[in-house]
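I wanted to look up the pockets of this protein and to write down what lines them. My entries follow below the structure.

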Amino acid sequence: MEKIAFVMQLKAGCEAEYEKRHDEIWPELVEELKAAGIEDYSIYLHPETLQLFAVLKRRKNHTMDELPQKAIMQKWWSHMADIMETDPGNSPKIIQLQRVFHLD
């Protein structure tokens, strides 16, 4: 398994709505994420900057790079676009993070 981390940006005042939407995540989206090889996926909120810190594990033979072409992923991004910063096409603006320390 490979672990990756990235940050996204939530819009001000949308903290509760972001959490609510993830509490109600669509089962078909969860299935698609798991089918792509994603496991142990968590998102944390920095309360002052509203940055969303995400960390997940993915299989070495993952197909995560194909997710943007999936209809369910595009539908989710459209559903979330009003409460977070996005790129054209509604994908969240993501900054990949580089691991500088790890302890098992």
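These notes take the two pockets one after the other.

Entry 1. Before anything else, I noted that I was working with a predicted model.

Entry 2. I began with the largest pocket, and I wrote down that about 760 Å³ of space lies in it. I then looked up its lining, which is made up of 31 residues, and I marked F6, L33, Y41, L56 and M73 as the ones that lie nearest the centre of the pocket. The elements that give two or more residues to this lining are the strands β1 (2-9), β2 (38-45) and β3 (51-58), together with the helices α1 (15-23), α2 (27-35) and α3 (71-80).

Entry 3. Which element provides the largest share of the lining of the largest pocket? I found that β2 does, with 6 residues. When I sorted the lining of the largest pocket by class, I listed 22 residues as nonpolar, 4 as polar and 5 as charged.

Entry 4. I turned next to the second largest pocket, for which the computed volume is about 170 Å³. Its lining consists of K3, I4, A5, F53, V55, Q96, L97, Q98 and R99, and I noted that β1 and β3 each supply at least two of the lining residues.

Entry 5. How many residues does β1 give to the lining of the second largest pocket? I recorded 3 residues, and with these β1 gives the most to that lining. Sorted by class, the lining of the second largest pocket has 5 nonpolar residues, alongside 2 polar and 2 charged ones.

Note on methods. Residues are numbered from 1 along each chain as its sequence is written. This is a predicted model: local features need pLDDT of at least 70, side-chain atom pairs count only at pLDDT 80 or more; totals for chains, interfaces and linings use all residues. Side-chain values use heavy atoms; hydrogens and water are left out. On a 1 Å grid over the protein atoms alone, a cavity is a set of points where a 1.4 Å probe fits but cannot get out, and a pocket is an open set with protein on both sides within 12 Å along at least five of seven lines; lining residues have an atom within 4 Å of a point. Grid points are joined across faces, edges and corners, and a volume is the space filled by probe spheres set on the points. Helices (H or I, at least four residues) and strands (E, at least two) are DSSP runs, numbered from the N terminus. Ala, Val, Leu, Ile, Met, Phe, Trp, Tyr, Cys and Pro count as nonpolar, Asp, Glu, Lys and Arg as charged, and the others, Gly among them, as polar.
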